[in-house]
Amino acid sequence: MNGNPGMHPGIPDLLDNHVKRKLSRREFIRFAALLGLSVGAAASMANLAQPRKAWAAVKRGGALRVSSPIQKVTHPAQFSWVAPSQQLRQVAEYLTLTDENNVTHPYLLENWEVSDDLKTWTLNLRQGVEFNNGDPFIADDVIFTMNQWLDKDVGSSLLGMVGDYLDVTDIERVTDHQVKLHLKRPEMGVPEHFFHYPAIVLNHRTFEGDFLRRPHGTGPYTLEAYREGERCMLRRRDGYWRKGQDGEALPFIDTVEFIDMGTEMSPQIAALQSGEIDMIDLSDAAGTDVHQVLKDDPGVNVIPVSTCTARVLRMRVDLQPWDDNRVRTALRLCQHREKILALAYFGEGLQAHDTHVYQNHPEYCQMSIPGYDPQQARQLLREAGYEYGLDVDLAVGNDWSDVVRYAEILQQDAAPAGFRINIRTMPTSQYWEKWTEVDLGITPWTHRPLGTMNLSLAYTADEDGNPGAWNETRWVDEEFSTLLVQANGTLDVDERRNIFCKLQQIQMDRGSIGISYWQNMWAVTRKRVQNMVSHPNRYIFCADLWLS
């Protein structure tokens with residue numbers, strides 16, 4: 001135990017690993033924050049004082065106009081992509097917030113405490129917070145929201161993320177402003193899971209399955225209008241709990257209008273340059289076209305960020321021919337990663353492995369980038385019984401220009417191995433309707449700050465042994481799942497990384513995916529938009545913005 005009774009005993013070990021240069025300063029702060037230490041205290045321990053922002057004089061008022069998809073919205077816990085959460089994030093909020101530096105902070109939580117064994121989490125709720133209809137934010141809202149995540153009939157991806165360590169019977173209401181979670185196993189990523197984009201906190205008194213019917217959230221804006229495929233209008237609310245640097249309640253901007261301008265980038269770029277809009281929401285777009293055109297425009301801010309966002313080549317292992325690992329391996333060998341990154345994404349990213357763990361994840365185990373080898377791929381197809389090659393359909397959303405280019409390059413480079421790939425393009429909205437059902441496709445997966453998070457979401461089974469809601473490939477591996485549970489409960493840096501070496505190798509040897517590259521991302525605004533940050537998930541936070 002340590003000398004500070006309020007400090008988790010794992011924090012001194014993390015500090016020791018930082019001193020020994022096993023953890024970077026940022027990684028130490030991230031992990032210490034997950035264990036309940038404030039970011040300021042963690043930064044002080046690491047001799048890394050938080051930089052003071054030099055604030056310009058803020059200006060209140062004005063109208064912000066954002067080009068953004070306006071998608072069908074009912075139950076927030078059912079969100080399957082970032083885009084539909086962009087508007088609701090301004091109206092409702094999360095228990096925690098993972099910032100642009102991948103550090104997780106309390107948000108609707110005041111703080112949290114975690115037991116030595118990482119199995120008991122005490123959540124202390126922020127007091128004095130109200131929903132926009134005047135209802136107080138209390139423990140019942142947290143418990144109701146978590147019950148929605150864990151309801152199989154809701155079908156939330158959060159069931160796959162938290163359901164293996166939390167059940168509805170494990171949630172204890174202590175007081176109006178305290179909730180305890182009694183986990184079935186150790187888990188250190190709990191605070192980051194609370195910021196998964198479907199994890200919006202709901203009003204237990206008024207929510208009945210469709211947020212738009214009663215849009216009651218704790219956020220800085222109220223919802224005035226929402227028309228799918230057209231526009232969303234938000235207006236500044238009174239009595240919001242957060243304050244700006246001028247000491248007054250946020251938000252600074254009076255109204256925010258999200259306008260659906262379709263998926264073609266050229267009209268949106270022109271609208272931004274002319275001043276018709278102030279921002280382009282790139283949550284459902286690659287962004288490379290925008291970056292190439294606007295990176296040198298003096299009237300535009302193009303703010304970069306490195307991410308583990310990826311285009312995942314995914315194969316349904318419950319369907320032929322992808323039930324044969326030799327065929328899956330053969331297709332993975334047909335990825336010329338350097339070429340795909342250069343031609344599909346203008347080189348704006350990092351080459352990747354065929355495992356859903358990113359080089360900048362703190363747990364990452366260093367491995368060589370697999371090479372392009374059509375000869376070995378052809379031999380594997382022969383061994384699998386496809387002497388004369390194989391005809392396959394590849395489903396892609398045609399609004400993702402880099403995905404289409406990726407598919408075209410793969411089509412060409414897989415031909416010498418014997419794959420005859422027929423590219424089936426479809427509207428992006430149609431792809432999202434069937435993304436878990438196609439036998440072979442390329443699915444966008446967004447950034448997540450810990451390596452365990454995507455692995456838990458996409459490559460595990462539920463308590464009945466069935467693939468999780470977001471396990472689009474239906475791949476479940478007993479050894480992999482056991483190791484992942486161990487990793488989720490392991491604090492020691494070296495031990496955790498050793499487990500990840502095994503996890504990554506299993507996915508590369510017998511997994512169900514190929515990942516050619518990790519994507520750089522950008523936030524794009526006109527110069528008059530102040531205080532914008534580029535978040536790895538491309539999240540937009542309007543409360544802190546102002547217009548010059």
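**View A. Leu118 sits in the loop between strand S4 (109-114) and strand S5 (120-125).** The model is predicted; local features need pLDDT of at least 70, side-chain atom pairs count only at pLDDT 80 or more, and totals for chains, interfaces and linings use all residues. Residues are numbered from 1 along each chain as its sequence is written, and side-chain values use heavy atoms, with hydrogens and water left out. Helices (H or I, at least four residues) and strands (E, at least two) are DSSP runs, numbered from the N terminus. Leu118 is not a glycine, yet its phi is positive, about 65 degrees. Most residues other than glycine have a negative phi. Leu118 counts as buried because its relative accessibility is 2%. Buried means under 20% relative accessible area, exposed over 50%, and partly exposed in between (1.4 Å probe, protein chains only).

**View B. Arg538 lies in the loop between strand S18 (529-530) and strand S19 (546-547).** Arg538 also has a positive phi of about 65 degrees, although it is not a glycine. With a relative accessible area of 6%, Arg538 is buried.

**View C. A cis peptide bond joins Leu250 and Pro251.** Omega is about 0 degrees. Pro251 is in the loop between strand S9 (231-236) and S10. Most peptide bonds are trans.

**View D. A cis peptide bond joins Gln320 and Pro321.** Omega is about 0 degrees here. Pro321 belongs to the loop between strand S12 (300-315) and helix H10 (325-332).

**View E. Gly262 occupies the loop between strand S10 (255-259) and helix H8 (265-274).** Gly262 is partly exposed, at 41% relative accessible area. Its C-alpha is 9.3 Å from that of Ile70, although 192 residues separate Gly262 and Ile70 in sequence.

**View F. Asn102 is placed in the loop between strand S2 (96-98) and strand S3 (104-106).** Asn102 counts as buried, at 15% relative accessibility. From Asn102 to His361 the C-alpha distance is 9.9 Å, with the two positions 259 residues apart in sequence.

**View G. Leu64 is among the residues with the most contacts inside the largest nonpolar core.** Leu181 and Phe419 are the others named there, and the core has 181 residues. Strand S17 (residues 513-526) supplies the largest share, eight residues. A nonpolar core is a set of buried Ala, Val, Leu, Ile, Met, Phe, Trp, Tyr and Cys residues joined through side-chain atoms within 4.5 Å. Leaving aside neighbours within four places in sequence, Leu64 is in contact (heavy atoms within 4.5 Å) with ten partners' worth of surroundings, including Ile253, Asp278, Val529 and Leu547.**View H. The whole chain gives the setting for the close-ups.** There are 17 helices and 19 strands in the protein. The C-alpha atoms fill a box of roughly 70 × 60 × 45 Å along the principal axes. The radius of gyration is 23 Å, which agrees with the value near 24 Å for a compact globule of 548 residues. This radius is taken over C-alpha atoms, and the globule rule is 2.2 Å times the number of residues to the power 0.38. Buried residues make up 58% of the 548. Among contacts between residues at least 6 apart in sequence, 72% join residues at least 24 apart.
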